[in-house]
Amino acid sequence: MNLKIDYTGCMNLLSRDEINMQSEEALGHLKKLMEGSGKGSDFTGWIDLPEKSQTQAGKIKNAARRLRSQADITVIIGIGGSYLGSRAVIEALDSCMPLRADDQGHKVLFAGQNISEDYMSRVAAYLAGKVFNIIVISKSGTTTEPAIAFRILKKQLEETIPAAEVKKHIVAVTDAEKGALRKLTDREGYDSFIIPDDVGGRYSVLTPVGLLPIAVAGYDIDSLTGGAAEMASRTRDNNNANPAIVYASVRNLLYKKGKYIEMLVNYEPHLHYIAEWWKQLFGESEGKEGKGLFPTAADLTTDLHSLGQYIQEGERILIETVLSVASPSTEMIIPHDADNLDGLNYIAGRRLSEVNAKAEEGTIMAHIKGAVPVIKINIPRVNEAYLGQLLYFFEISCAISGYILGINPFDQPGVEAYKNNMFRLLGRPS
């Protein structure tokens, strides 16, 4: 089985002819993407990463085994694309529960994705007196959020273990030749992995940026890259059955019809960070020149009790894209209750996943009737292979969609605005 896209929930707003015409244009953009003749083509090294990544998987897995053997905790330091991809995969495969004291597995923590003093203090307090590893991910080594976190946690590590041992517990994922982190890595003798020059952060999950943390967490990166390779073979084909062509075409047609917000929803809470990764991918790629769908997300059914009213009857500016998982990984039966005060005995003996599936089906029916177009992305189950398919599907869809909009989907000129103001307010020397 493979990931599949279902856009029948949009057909009250679109015609087959419209989709076919937009798909023909999208196929031309796919051709430019594959030939490297489109905008931003110097940042399309991610296209063949599924194959390239398999050649360095051995080195990544060896490093992961070493880190796991010498400590029970690894802290991933990064922001944006330097942490979202790995966190999305790890949390999708892991329990969505908070860390427990009796959890004997290798713990992966994240830092450097914010500048919150309370958050950083809690991370430091949790690590107090413990031996831990650091994987610091930064092209330059000077991005404010991860640089501060690395400075704090490196000092804490240095105060916890002998000086001669520190370098064994730090791995840098950074530029091959330049930047502050590369200079420090070479000086201190840290193990390191390279961020390719032709891959932007939000497309980097299949480089060591994502694969090393995922391997350290104990997951199968061979299956992940294998799934991505399978999707790559499907989405590089220049035909109308290409799921990336379909998704990019449908969402852009709806955008042209006044649907300005795309909400990625799930019915499995451990997919929350898949949506966070997706938000960066599409927001940073498409949100420029006054164009682009605004990417947002919701965890259902939870958010139906907060956003549900707006989705059903608010402004008709939404597209709903549903991550629909066919098979859960576990089984739980709803028990019978003699008193039946809650009135739930009519579903006693049924699996909880069956109720969840009917909630999804009923919600989609209600939203379509309420004039919300719904795209379904059907995922057989949540594992490394299907997550690899999903990540690559979104990456290539995003690139094609950006070309349909007429923008460069691989730059991000607007992200410097807040930084420049922050530096000025802090009194950074020019």
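Arg428 sits over the face of Phe423, 4.2 Å from the ring centre. The model is predicted, and a search of the whole structure gives 15 aromatic pairs. One of these pairs joins Tyr247 and Phe393, and both residues belong to a cluster of linked rings.

**Charges over rings**
- Arg428 is placed over the ring of Phe423, with a distance of 4.2 Å to the ring centre.
- Lys59 lies over the face of Phe193, at 4.7 Å from the centre of that ring.

**The Tyr247–Phe393 pair**
- The ring centres of Tyr247 and Phe393 are 5.4 Å apart and the planes meet at 35°, so the pair counts as tilted, an angle under 30 degrees being stacked and one over 60 edge-to-face.
- This pair links distant parts of the chain, as its two residues are 146 residues apart.
- Tyr247 is in helix H11 (residues 243-256), and Phe393 is in helix H15 (residues 384-405).

**Phe393 and its neighbour in sequence**
- Phe393 also pairs with Phe394, with ring centres 5.4 Å apart.
- The planes of Phe393 and Phe394 are at 50°, so this pair too is tilted.

**Burial**
- Tyr247 has a relative accessible area of 0% and is buried.
- Phe393 has 0% relative accessibility and is therefore counted as buried, the cut-off being under 20%.
- Phe394 is likewise buried, at 0% relative accessibility.

**The ring cluster**
- Ring pairs connect Tyr247, Trp277, Trp278, Phe282, Phe393 and Phe394 into a cluster.
- Among the cluster members, Tyr247 and Phe393 form a tilted pair, as do Phe393 and Phe394.

Methods:
Residues numbered from 1 in each chain as written. Predicted model: local features only at pLDDT ≥ 70, side-chain atom pairs only at ≥ 80, totals over all residues. Heavy atoms only, no water. Phe/Tyr/Trp six-rings, centres within 6.5 Å; stacked < 30°, edge-to-face > 60°. Helix = DSSP H or I, 4+ residues; strand = E, 2+ residues; numbered from the N terminus. Buried < 20%, exposed > 50% of the residue type's maximum accessible area, 1.4 Å probe, protein only. Lys NZ or Arg CZ within 6 Å of the ring centre and 35° of its normal.
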